[in-house]
Amino acid sequence: MTEKSTTAETITLTIPFKLKRRGGRKEMVLPDFATPPPKLDNALIKSLARAHRWKRLVDEGHFASIKDLAEYEKIPASYMIRTMRLTTLAPDIVEAILKGRNPNKTLRELLDPFTPMWAEQRWELGYHDMP
């Protein structure tokens with residue numbers, strides 16, 4: 001029979017980083033060789049969520065039209081329509097946005113008209129080289 005060791009093993013992990021003050025708060029700065037975390041575009045993500053919510057409310061009959069919903073939300077109907085266009089984005093484009101792999105497309109750029117054809121969207125919006 002073998003006896004179990006009762007001593008705990010200790011693992012020491014060293015992570016090189018610097019702390020910098022930015023705008024009155026401390027921020028961790030990783031070294032050049034470290035892979036930075038993806039940058040999420042919170043405004044774009046929030047607009048995607050709103051667009052899908054608004055579409056669902058109209059589709060389920062909670063509001064007779066987009067105009068009625070826009071009046072209820074107290075926003076211009078034209079803005080709501082432009083935002084709801086985001087619901088026609090290809091699923092892999094939406095996934096890329098949610099994972100922070102957006103190729104520098106801003107919300108303003110994505111509110112401009114784009115093709116509803118998913119294959120063409122990937123090229124038009126710059127998602128054709130996405131992993």
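1. A helix here is a DSSP run of H or I at least four residues long, a strand is a run of E at least two long, and both are numbered from the N terminus. With that in hand, His128 can be placed: His128 sits in the segment after α6. Keep in mind as you read on that this is a predicted model.

2. Let's stay with His128 for a moment. Is His128 buried, partly exposed or exposed? The relative accessible area of His128 is 32%, and the band between 20% and 50% is called partly exposed, so His128 goes in that group. Setting aside neighbours within four places in sequence, His128 is in contact with Arg122 and Trp123. You can also check the spacing to Lys99: the two residues are 29 apart in sequence, and their C-alpha atoms are 16 Å apart in space.

3. Asp129 is also found in the segment after α6, which covers 118-124. With a relative accessible area of 62%, Asp129 is exposed, because the cut-off for that word is over 50%. If you want a long ruler line to draw in your viewer, try Asp129 to Leu13: they are 116 residues apart along the chain, and 36 Å separates their C-alpha atoms.

4. Now the inside. The largest nonpolar core has 16 residues, and the ones with the most contacts inside it are Leu86, Leu89, Ile93, Ile97, Leu110, Leu125 and Tyr127. Three helices each supply at least two residues of this core: α1 (42-59), α4 (91-98) and α5 (107-110). Which helix gives the largest share? That is α4, with four residues. As background, nonpolar side chains tend to be buried together in soluble globular proteins. Another core, of seven residues, lies apart from this one, and its members include Trp54, Leu57, Leu69 and Ala70.

5. Ile93 is worth clicking on. Not counting residues up to four places away in sequence, Ile93 touches Gln121, Arg122, Leu125 and Tyr127.

6. Next, how the helices pack, starting with α1 and α4. Their axes are 10 Å apart, and the angle between them is about 135 degrees. That angle makes α1 oblique to α4. The crossing is left-handed. On the α1 side you find Leu44, Ile45 and Leu48, and they meet Val94, Ile97 and Leu98 in α4. By class, this contact has six nonpolar residues, no polar ones and no charged ones.

7. The pairing of α1 with α2 comes next. These two pack at an angle of about 125 degrees, with 10 Å between their axes. So α1 is oblique to α2. Is the crossing of α1 and α2 left-handed or right-handed? It is right-handed. Arg53, Trp54, Leu57 and Val58 come from α1, and they meet Ile66, Leu69 and Glu73 in α2. Sorted by class, the contact of α1 with α2 has five nonpolar, no polar and two charged residues.

8. Then there is α2 (residues 66-73) with α3 (residues 77-84). The angle between them is about 110 degrees, and the axes are 9 Å apart. Why do α2 and α3 count as roughly perpendicular? Because 65 to 115 degrees is the range for that label, α2 and α3 fall inside it. Their crossing is right-handed. From α2, the contact uses Ile66, Lys67, Leu69, Ala70 and Glu73, while α3 brings Ala77, Met80, Ile81 and Met84. By class, that gives seven nonpolar, no polar and two charged residues.

9. Between those two helices is a small oddity. Lys74 is in the loop between α2 and α3. Most residues other than glycine have a negative phi. Lys74 is not a glycine, yet its phi is positive, at about 60 degrees. Lys74 also counts as exposed, because its relative accessibility is 74%.

10. Last stop, Leu30. Where is Leu30? Look in the loop between β2 (25-29) and α1. Leu30 is partly exposed, with a relative accessible area of 33%. Leaving out neighbours within four places in sequence, Leu30 is in contact with Phe17 and Thr35. From Leu30 to Lys55 is 25 residues in sequence, and 41 Å in space from C-alpha to C-alpha.

Conventions:
Residues numbered from 1 in each chain as written. Predicted model: local features only at pLDDT ≥ 70, side-chain atom pairs only at ≥ 80, totals over all residues. Heavy atoms only, no water. Core = buried A, V, L, I, M, F, W, Y, C linked by side-chain atoms within 4.5 Å. Buried < 20%, exposed > 50% of the residue type's maximum accessible area, 1.4 Å probe, protein only. Contact = heavy atoms within 4.5 Å. Axes fitted to C-alpha atoms, helices over the stretch in contact; angles between N-to-C directions. Parallel < 35°, antiparallel > 145°, perpendicular 65-115°, else oblique. Left-handed = near helix turned anticlockwise from the far one by under 90°. Nonpolar A, V, L, I, M, F, W, Y, C, P; charged D, E, K, R; others polar.
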